[in-house]
Amino acid sequence: MTGRVAVIRVLLFLLFIPCLPAQLFAAAGPVLPGIDVLEQRGFDLLQGKRVGLITNHTGRSRDGRSTIDIINRAPGCRLTALFSPEHGIRGEADDKVASATDRASGLPVHSLYGATCRPTPDMLHGVDILVFDIQDIGTRFYTYIGTLSLAMRAARDAHIPFVVLDRPNPLGGERVEGAIPTTPLPERASGCGAITSIHPIPTRHGMTMGELARLFNAEFGIGCRLTVVPMQGWRRAMYFDATGLAWINPSPNMKNLSAAILYPGLGTLETADLSVGRGTERAFLAYGAPWVDGAAMARNLATRSIPGISFTPCSFVPTAAGHPYRGKRCSGVCVASLDRDRLDPILAGLHLAQAFYETHPRRFKVSDGFGTEVGDREAWRLLRQKGVSPLDVERRWDRELERFRMVRGRYLLY
C-alpha cells in the first residue's frame, strides 16, 4: 500500500511540474553580463552600425576581455568613438577628466566628466548607435547613473538608438532603502549639475543599470529608443560575490564589496569635515580626523546597538589627493564587523553622523551635500535635536518608498 501511495505521489508531482514557474527550475549557472549575451547573439543590434561606446575599465566580459576590444573586433559593425565617465576610461583618475585618444585602439575618447557631462552633437557626429557598459554600485549618489541618464537624453536628441549592456547590482536587487529626494539639483550648461543625484530614487534602489534605464526612460520623460541586453543567470538575491565575476574597483576608492555595501549610508559622511579613509586600504571603512577622539566615538556607537555593524577605535593616514586631511594622522573609528543581512546601511550612516555630532558638537559639521546625499534636507536638523533617533528620521520615508516599489516593479527584468 505504501508503495502504491508513493507512486501516485510521484505521478501527481510530475503532472504538477508544468504549472510551476520556469525560474524555479532554472539552473543558476554562471552570470553572464550583457556584453557576453550580445556576443552570443552575434552582435545583432550593432550590425551595419557605427558604434559609440560609453564604458570604462569595468566593461569586461565574464572571462575578462575588454568590451572595447570585443566590439572593436566584432564582425559587421564599426567602433568609431569611446566615451568615458568619471575616473576616466581606465578608472584611475580622481578629478575632472580630459578627452584623449585611447592608446590601445587609437579611437577618440570623449570625456563625460570634464567640460561637459553629456555627449555633444560634435561627439556624436558619425555615430549611428550608442552603447553603454559600466558597472554601477547600487547607490543613488554615484555619477555613473547620472552619466547614463544624460547619455540617453543625448541619444534621443541625436535620433539614434541607445543600448544598455546590463550588469549586476553588487548589492543585490531585493532591498530598497533610504530617502527619495524632493528637491532637484540645478542643471548647468555642462549638464553636470545634477549628476550625483540625477533622479528622485531611493538611496539604495535595488535595480540594475538596465532596469534603471527603463525606469528613467519612461518615468522621467527621456523617451529615447532604448534596448537593454539582459544578463543571463543573475538572481535578485545575489550580492556581487555570488556572481562569480571578478571584482574590479568601479572607482579608485571603491576597493571591495564591503565598501560598496556601506556606501549608501556611511558614504554620506564625505560631506562632513572628516576623512573616509580615501587612499588607504580601508576607504569607506574608516572615519575620522586629527581632532576626533576615537575611543569616545567608539563608546557612543557601542551604546546604540546598530544592527549588523560594530566599530573600533583606529587611526589612519589618508593619501588621496584633493580629499580632507591628506597625509595627516587621523583618529576615529573603523568598521570592526559587518553582517550584511542584518545591516541597514542608511540607518547606520545616520547613527554615525549623530554620534560624531554628540561626541564633538562644536567641531563636527556637515555641508549642504549631506541633505543631497541622504535625500532628506531635514535629516541633519532632526539628528541634532535631542530625542530624535535615526530610526525616527528613517521612518519619515516609508510612504514614498512604498510608492517607489510599486513603480519600480514595472521595470524589473529579473
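This report describes a cavity, a three-stranded sheet with a helix across it, and one buried residue in a predicted model.

## The cavity

The model holds one cavity of 30 Å³ or more. The space in the largest cavity is about 50 Å³.

Its lining is made up of T203, P264, G265, T268, I346, G349, L350 and V374. Sorted by class, four of these residues are nonpolar and four are polar, and no charged residue takes part. Two helices, helix 6 (257-266) and helix 8 (345-359), each give at least two residues to this lining. Helix 8 provides the largest share, with three residues.

## The sheet of strands 8, 10 and 9

Three strands make an open sheet, and their order across the sheet is 8-10-9. The pairing between them is antiparallel. Strand 8 (286-289) and strand 9 (309-316) are at the edges, and each has a single partner strand, so one side of each has no neighbour in the sheet. On average, neighbouring strands of this sheet are turned by 25° against each other, with direction ignored.

The pairing of strand 9 with strand 10 (residues 330-338) is antiparallel and runs over eight bridges. Within strand 10, V333 is the residue that stands opposite P313.

## The helix across the sheet

Helix 7 (residues 294-302) lies across two strands of this sheet, strand 9 and strand 10. The angle between helix 7 and strand 10 is about 35°.

## The surroundings of I129

Is I129 buried or exposed? I129, which lies in strand 5 (residues 129-133), has a relative accessible area of 2%. Buried means under 20% relative accessible area, so I129 counts as buried.

Which residues is I129 in contact with, leaving aside its neighbours within four places in sequence? Part of the list comes from earlier in the chain numbering: L45, L46, K49, R50, V51 and G52. The list also includes I160, P161 and V163.

A separate value concerns S84, which is 45 residues from I129 along the chain. The C-alpha atoms of I129 and S84 are separated by 16 Å.

## Summary

The cavity is lined by residues that include T203 and V374, and helix 8 gives three residues to the lining. In the open sheet, the order of strands is 8-10-9, and helix 7 lies across strand 9 and strand 10. In strand 5, I129 is buried and is in contact with residues including L45 and V163.

Terms used. Residues numbered from 1 in each chain as written. Predicted model: local features only at pLDDT ≥ 70, side-chain atom pairs only at ≥ 80, totals over all residues. Heavy atoms only, no water. 1 Å grid on protein atoms, 1.4 Å probe; cavity = no way out; pocket = protein on both sides within 12 Å on 5 of 7 lines; lining within 4 Å. Points joined across faces, edges and corners; volume = space filled by probe spheres on them. Helix = DSSP H or I, 4+ residues; strand = E, 2+ residues; numbered from the N terminus. Nonpolar A, V, L, I, M, F, W, Y, C, P; charged D, E, K, R; others polar. Pairing = 2+ DSSP bridges. Axes fitted to C-alpha atoms, helices over the stretch in contact; angles between N-to-C directions. Contact = heavy atoms within 4.5 Å. Buried < 20%, exposed > 50% of the residue type's maximum accessible area, 1.4 Å probe, protein only.
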